[in-house]
Amino acid sequence: MNKRKILYFMTDNPMRYKAGNTTRCNKMLDYFSSRSDVFDVDFLTLQPWTEEEIEKFKSIYPTINLDLFRPGSEFSKKDNYTKYFIHEKLPRLIGKKRNAKKLISLVTPFVEKQLLERYADRHYDVLIVSYAYWAELIKLIPATYKINDTHDFLSVQHAPQESNDFAAVGKMFQEELSLLNPFDEVWSYSVEERFIFDQFLNTKVKLVPLSFEDRTAEGVIAKEYDILYVASDNHHNVTSMNWFMEHVLPSLKNRKVTVVGKICDAIPDHSQITKLGLVEDLDKEYSKARITICPMLSGTGVKIKVLESLSFGIPVVTTMRGVDGLLNKTNNGCLISDNPTEFVDNIELLLNDDKAYQMHRADAVRYFQQHHHPSKELDFLNSSLLQSDSSRR
C-alpha cells in the first residue's frame, strides 16, 4: 500500500518551549510518528531553529521530514542593499499595496516566491495548514485534500479591547471566512467556535476532541503544591494573572501559588508566589498539584491548561472564559466564577473540604474520559486523514 503524503504546516517551534500551541503541535507530530506505516509526512515550519533544536526534532521524530523556511529575507540591508531591495523591500512594498485591505493573512510575496519554487514538483494527498493567518498557503502547495486547523477564532482574538469598533471586527471576520472557505475541511477545538464557523462557511467544520494521556490515577498521590498555575506570556494570560494577584491573592491568606511557564517573566514577584519558569517535565509539576487555577478574562478557544489539569483528575478554579470550548459547562471538574470573592471561596472549598474536593475530582475524571480520552482524538484523526473521502473533494 502506498503511503499517504501529508504536509503539516505549523508556525511554532515544538522543540523550544511548552505552551498550548506547541503542546498541540507535538500531539499531531506524535500521531504522525506513530502512523509512519501509512503516512509520509513533511513538517513545514518557520525559521529560525538552532542546530540543537533540529537534531532534537530528528531524534524524536526520525520518520518526519523537517522543512524550514524564512518568512522574511535572509539578506541584510547593511551587508548587501541590492539583494535586500530585490528580495525584501520590493516584495514588501508590492505586498503592502496588493494586500492593503488584508487584516489577517501573513502570506507575503516573499513567502509566495519561496514556496512556489520549493513545491513546484511536489503533490500531497493531504495539506494541513495551522491558523487562518496562513490559509493562503493552499495556493502555493499542491494537494488533493486541504484542511485548516484553526487553533483560534482570530476575529475575536484581535478584536479591539478598548473600543466598540464593530466595523473592524466585521472586516476581520469577513476576511477570516474568505480565507477558510476554500478548504475542504476546517477544524475547531471549541464547541462555540465550531458552531459559529459552521453557520457561515460552505465547507465541512469539525470539532477536534483534543486529548491527553489519561493520568487521572495519578491524582491520588500526595500533593506538594496547593495551587498551580501554568501559562505562557501572551497578553491574555498576563492580564488575567494581574487581575488574580490584585483582586484574589490578597484574600488567600497563607496560601502559596506555584507558577510555571513563560508567564513568570511577565508578572511581578510576590511573597505568596513561587515562580518555576520553564520546566523540563510539566507532567511532574501537575502531579504535585492539589488544584489548578485559570483566571482568564479574555481570549478564545479551549484552554489547553484546563484540559491538561483535568487529564490528571485535578479540579480547576476558573472564570467563565476558562471553560470556553468545553462541551459541558457544569459537572466537569471546574468551579467557575468571575467574582473575586467567589473565586477565593472556590479555592478554599477545594483545599479545606475533602468531600467537595473528591466530588469535583470525580467530575473531572468523568468529563475527561468521556470527551478527551486519547481514543477520541485517534478516532477523529484516522477518520479525517485515512478515510477514502479524504482523497477527493
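Two strands are taken to pair if DSSP finds at least two bridges between them. By that criterion, strand S1 (residues 4-9) pairs with S2 in this predicted model, the two running in the parallel sense over six bridges. Arg 4 has Phe 39 of S2 as its bridge partner. On to strand S3 (residues 65-69): five bridges join this strand to S2, again in a parallel arrangement, and here Phe 43 finds its bridge partner in Leu 66. Between S2 and S3 the chain passes through H2, making a β-α-β crossover that is right-handed. Because seven of its eight residues are buried, S2 is largely enclosed by the rest of the structure.

A further set of parallel strands involves S5. Strand S4 (residues 124-130) pairs with S5 over six bridges in the parallel sense, and Ile 128 has Ile 147 of S5 as its bridge partner. Ile 147 also stands opposite Glu 185 in S6, where three bridges join S5 to strand S6 (residues 185-188), the two running parallel. Strand S5 (residues 143-149) is mostly covered, with six of its seven residues buried. It is pleasant to recall here that side chains in a regular strand alternate between the two faces of the sheet.

Several of these residues reappear in the nonpolar interior. The largest nonpolar core has 81 residues, and those with the most contacts inside it are Phe 32, Phe 43, Ile 128, Trp 134 and Leu 137. Phe 32 gives a good view of the surroundings: leaving aside neighbours within four places in sequence, this residue is in contact with Ile 6, Tyr 8, Phe 39, Val 41, Ile 64, Ile 128 and Leu 385. Another core lies apart from the largest one; this other core has 27 residues, among them Ile 227, Leu 249, Leu 252 and Tyr 357.

Leu 385, one of the contacts of Phe 32, is also one of the buried residues of H13, together with Glu 377, Phe 380, Leu 381, Asn 382 and Ser 384. The geometry of helix H13 (residues 374-386) is easy to check. At 1.5 Å a residue, its 13 residues should span 18 Å, and the end C-alpha atoms are 17 Å apart, which agrees.

Aromatic residues deserve a paragraph of their own. A search of the whole structure finds 20 aromatic pairs. In one of them, the rings of Phe 9 and Phe 69 have their centres 6.4 Å apart and their planes at 40 degrees, so the pair is tilted. Phe 9 belongs to strand S1 and Phe 69 to strand S3, so that this pair links distant parts of the chain, 60 residues apart. Both Phe 9 and Phe 69 are buried. Phe 244 and Phe 343 form an edge-to-face pair, at 6.1 Å centre to centre and with 70 degrees between the planes. With Phe 244 in helix H8 and Phe 343 in helix H11 (residues 340-352), the pair ties together parts that are 99 residues apart in sequence. Phe 244 counts as buried at 0% relative accessibility, and Phe 343 likewise counts as buried at 0%. Ring pairs also link Tyr 8, Tyr 31, Phe 32, Phe 39, Phe 43, Trp 49, Phe 57 and Tyr 61 into a cluster.

Some backbone details complete the picture. Most residues other than glycine have a negative phi, and most peptide bonds are trans. Against that background, a cis peptide bond joins Gln 47 and Pro 48, with omega about 0 degrees. Pro 48 is found in the loop between strand S2 (39-46) and helix H2 (51-60), and is exposed, with a relative accessible area of 54%. Not counting residues up to four places away in sequence, Pro 48 touches Asn 13 and Arg 16. Pro 48 and Arg 70 are 22 residues apart in sequence, with their C-alpha atoms 7.4 Å apart in space.

Positive phi values turn up at His 151 and Asn 254. For His 151, a residue other than glycine, phi is near 65 degrees; this histidine is found in the loop between S5 and helix H5 (154-157) and is buried, with a relative accessible area of 8%. Asn 254, which is not a glycine either, has a phi of about 65 degrees. The loop that holds Asn 254 runs between helix H8 (235-247) and strand S9 (257-260), and Asn 254 is exposed, with a relative accessible area of 77%.

Conventions: Residues are numbered from 1 along each chain as its sequence is written. This is a predicted model: local features need pLDDT of at least 70, side-chain atom pairs count only at pLDDT 80 or more; totals for chains, interfaces and linings use all residues. Side-chain values use heavy atoms; hydrogens and water are left out. Helices (H or I, at least four residues) and strands (E, at least two) are DSSP runs, numbered from the N terminus. Buried means under 20% relative accessible area, exposed over 50%, partly exposed in between (1.4 Å probe, protein chains only). Contact means heavy atoms within 4.5 Å. A nonpolar core is a set of buried Ala, Val, Leu, Ile, Met, Phe, Trp, Tyr and Cys residues joined through side-chain atoms within 4.5 Å. A crossover is right-handed if, with the strands pointing away from the viewer, the path from the first strand over the helix to the second runs clockwise. The expected span of a helix is 1.5 Å times one less than its number of residues. Rings of Phe, Tyr and Trp (its six-membered ring) pair if their centres lie within 6.5 Å; planes under 30 degrees apart count as stacked, over 60 as edge-to-face and the rest as tilted.
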